[in-house]
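Here is a brief report on one protein model. It takes up a sheet, the nonpolar cores, the aromatic rings and the cysteines.

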Amino acid sequence: SFLHNTFQVAIATDGKISVAVFNYDEIEWIRSGDVRIGYSAGNNETTYEVDGSLTEDVGLIDSIPGNTGRNGSWIFRIDDPEADIEFNDCTGGISLSVHSFHVLGGTPVTVTLESNCLQDSHEIKCIFGGIETNAMYIDQKTAYCVSPTFNAAQNVQFLLTVRASNTSTLLYQSREHVSILPVDRGHEVDVFISETDKSLLLTTSQDIVVNNWPTNFHPIMSANLSIFLHQMDVVTGEWNLTVSDAVTIAGDDTVNVNSPPYHGKIPSQNINDVVPVIFEMTAKFGNSLTGIFTAKKWSGVYFLKDSSANLSQLCSDWVNTDTLNIDENLISRCPNMKAIIELPNSGFGKDSKSSMLRRVGTTEGYEQMYWNYFHPGSESCYRSITINSDGNSQYCCYKEDGELLVGCGGGSAHYSTPNDRDAASIAKHHMNDLQPFIYCCESKNCDRYFLKRPSDDGNDYVRPSPPACVYGDPHLVTLDGYKYTFNGKGEYTLLQTDDDSLTIQGRMEEAPTIRGGSAPATTF
């Protein structure tokens with residue numbers, strides 16, 4: 001049989017960079033000691049000779065790793081012989097250590113690639129919904145980055161890009177879809193008065209215990225840790241830094257960030273009120289070479305009162321001056337049993353905090369504190385889907401046995417309905433509904449709160465009729481549930497109220513075919 005040598009020389013350019021590629025696929029014979037393998041730039045200065053050249057070992061060239069990392073493969077710059085080559089061995093996708101990020105930013109995420117393709121010299125970026133952030137190189141498969149601040153809770157695309165440091169050539173990119181969580185659902189920090197005293201209502205100058213979960217901030221164990229306090233702007237819903245060093249941490253500032261809890265103290269402030277606040281736990285990592293990365297974890301929304309605040313007086317002032325009256329005839333009413341509110345087309349949806357509380361399954365976390373504070377004795381709460389023109393909605397809570405809970409612990413009509421994607425609506429809900437609740441119920445005047453924000457007793461609930469709809473070619477379903485098919489071409493009245501205050505008309509035309517003709521059917 002004949003012996004064969006299979007090898008290749010290729011020259012490639014993108015108009016800026018030119019390279020020569022040498023591939024030795026299968027070498028079956030050589031002339032002993034007479035074969036030289038290497039590269040010369042032709043300038044009598046830049047040369048490269050493969051180990052074993054001019055020896056019998058050169059017959060193993062197809063099994064020797066070249067400068068590309070692959071056996072029998074070398075590549076050299078022709079346009080600039082002294083320049084290094086950036087090799088792209090990135091294949092496959094990525095996995096993220098977390099897929100949910102806090103709307104206020106700072107969520108640390110470890111990105112793991114399927115292949116060993118990262119280099120310390122690469123330019124690595126994490127892009128969240130178009131917002132670009134730098135990434136820290138950890139090893140050939142791993143990078144670390146921190147999420148930016150977002151303008152609203154939403155779903156966005158996460159993109160990892162890897163570029164050559166000397167040419168900015170894109171070597172690799174991969175995508176994932178991630179969620180941006182609102183403030184009250186993206187928290188990873190719990191704040192307690194003590195291990196046994198847990199409440200949403202905190203007081204200035206008070207000692208507190210801060211615990212973060214899950215514990216990992218970053219593979220590095222120690223960093224400079226700070227805890228800040230932010231107050232909600234009750235107009236815009238933005239969280240403003242109230243003081244620069246909000247919570248004093250007991251002990252050294254540089255701590256093991258993976259060994260909570262931390263003991264601290266809320267600074268003294270003269271607010272003479274009860275205000276929504278949120279705690280920010282910040283850990284800084286990195287150096288001048290890697291860059292400084294600021295990872296953050298956030299608490300849920302707490303309420304901070306001045307130690308001198310007179311809640312009974314604040315309740316009286318609110319009752320006497322609040323002009324935001326709710327007309328109960330213009331909002332949905334609560335069913336008297338949970339079994340009814342969970343039926344299809346009940347007109348209500350379950351509050352996300354109810355679902356989260358059951359999912360977390362803890363008796364110590366923020367969700368449990370929230371529930372014990374605003375709705376003690378309730379098992380789940382529901383909000384009306386329909387919101388009237390003033391933004392009012394109904395909120396209904398039920399005991400474990402499914403019975404509607406009325407008054408203390410139950411739900412009530414809310415003047416301002418919160419929307420996760422609208423910070424201003426959340427601010428209005430805190431200002432118009434939750435703060436008054438604290439004023440009155442903390443001062444044993446809950447009955448005065450429910451005069452302004454009634455807790456429905458379930459006696460006037462009327463289940464909404466099923467929605468009318470049109471689908472297919474076309475099939476129609478009326479408000480009383482009658483179903484029929486109609487293929488008449490023309491204009492028709494679909495809905496008209498008895499008092500003529502609302503009329504909906506529809507036009508039906510012949511349905512087109514994919515070839516541009518008409519089908520023997522109609523469509524809206």
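Arginine 383 stands opposite tyrosine 395 in strand β27 of this predicted model. The partner strands here are β26 (residues 380-384) and β27 (residues 393-398), which pair in the antiparallel sense over 4 bridges. They belong to an open sheet of 4 strands, ordered β25-β26-β27-β28, with antiparallel pairing. The edges are β25 (348-350) and β28 (413-414); each has a single partner strand, so one side of each is left without a neighbour in the sheet.

Arginine 383 also meets a helix residue. Histidine 429, found in helix α5 (residues 423-442), touches Arg383, His414, Ser416, Pro418 and Leu434, leaving aside residues up to four places away in sequence. Histidine 429 is buried, at a relative accessible area of 6%.

**Cysteines**

A search of the whole structure finds 5 disulfides. Three are listed here.

| Disulfide | S to S | Angle about S-S bond | Hand |
|---|---|---|---|
| Cysteine 334 – cysteine 396 | 2.0 Å | -90 degrees | left-handed |
| Cysteine 381 – cysteine 397 | 2.0 Å | 105 degrees | right-handed |
| Cysteine 441 – cysteine 446 | 1.9 Å | about 120 degrees | right-handed |

Cysteine 334 lies in the loop between α1 (311-321) and α2 (338-341), and cysteine 396 in strand β27, so this disulfide ties together parts that are 62 residues apart in sequence. Cysteine 334 is buried at 1% relative accessibility. Cysteine 396 is buried at 1% as well.

The link of cysteine 381 and cysteine 397 joins strand β26 to strand β27, with their positions 16 residues apart in the chain. Both cysteine 381 and cysteine 397 are buried.

In the link of cysteine 441 and cysteine 446, cysteine 441 is buried at 16% relative accessibility. Its partner cysteine 446 is buried at 17%. Cysteine 408 is in no disulfide; the nearest cysteine sulfur, that of cysteine 446, is 5.0 Å away. Is cysteine 408 buried or exposed? Its relative accessibility is 57%, so cysteine 408 counts as exposed. Cysteine 469 is partly exposed, at 36%.

**Aromatic rings**

The whole structure holds 19 aromatic pairs. Phenylalanine 303 and phenylalanine 374 form one of them, edge-to-face, with 6.1 Å centre to centre and 75 degrees between the planes. Phenylalanine 303 sits in strand β24 (residues 302-305) and phenylalanine 374 in helix α4 (residues 366-374), so the pair links distant parts of the chain, 71 residues apart. Tyrosine 370 and phenylalanine 374 form a tilted pair, 5.0 Å centre to centre and 45 degrees between the planes. Both lie in helix α4, 4 residues apart, about one turn of the helix.

Phenylalanine 303 is buried. Phenylalanine 374 is buried at 3% relative accessible area, and tyrosine 370 at 9% relative accessibility. Ring pairs link a wider cluster, including Phe303, Trp318, Tyr370, Trp371, Phe374 and Phe437.

**Nonpolar cores**

In soluble globular proteins, nonpolar side chains tend to be buried together. Here the largest nonpolar core has 87 residues, and Phe158, Leu160, Phe279 and Tyr302 touch the most other members. Strand β22 (residues 274-287) gives the most to this core, with 8 residues. Tyrosine 302 touches residues including Val189, Leu200, Val275, Phe279, Tyr366 and Met369, leaving aside residues up to four places away in sequence. A second, separate core has 11 residues, among them Tyr24, Ile37, Trp74 and Phe76.

Terms used: Residues numbered from 1 in each chain as written. Predicted model: local features only at pLDDT ≥ 70, side-chain atom pairs only at ≥ 80, totals over all residues. Heavy atoms only, no water. Pairing = 2+ DSSP bridges. Helix = DSSP H or I, 4+ residues; strand = E, 2+ residues; numbered from the N terminus. Core = buried A, V, L, I, M, F, W, Y, C linked by side-chain atoms within 4.5 Å. Buried < 20%, exposed > 50% of the residue type's maximum accessible area, 1.4 Å probe, protein only. Contact = heavy atoms within 4.5 Å. Phe/Tyr/Trp six-rings, centres within 6.5 Å; stacked < 30°, edge-to-face > 60°. Disulfide = S-S within 2.5 Å.
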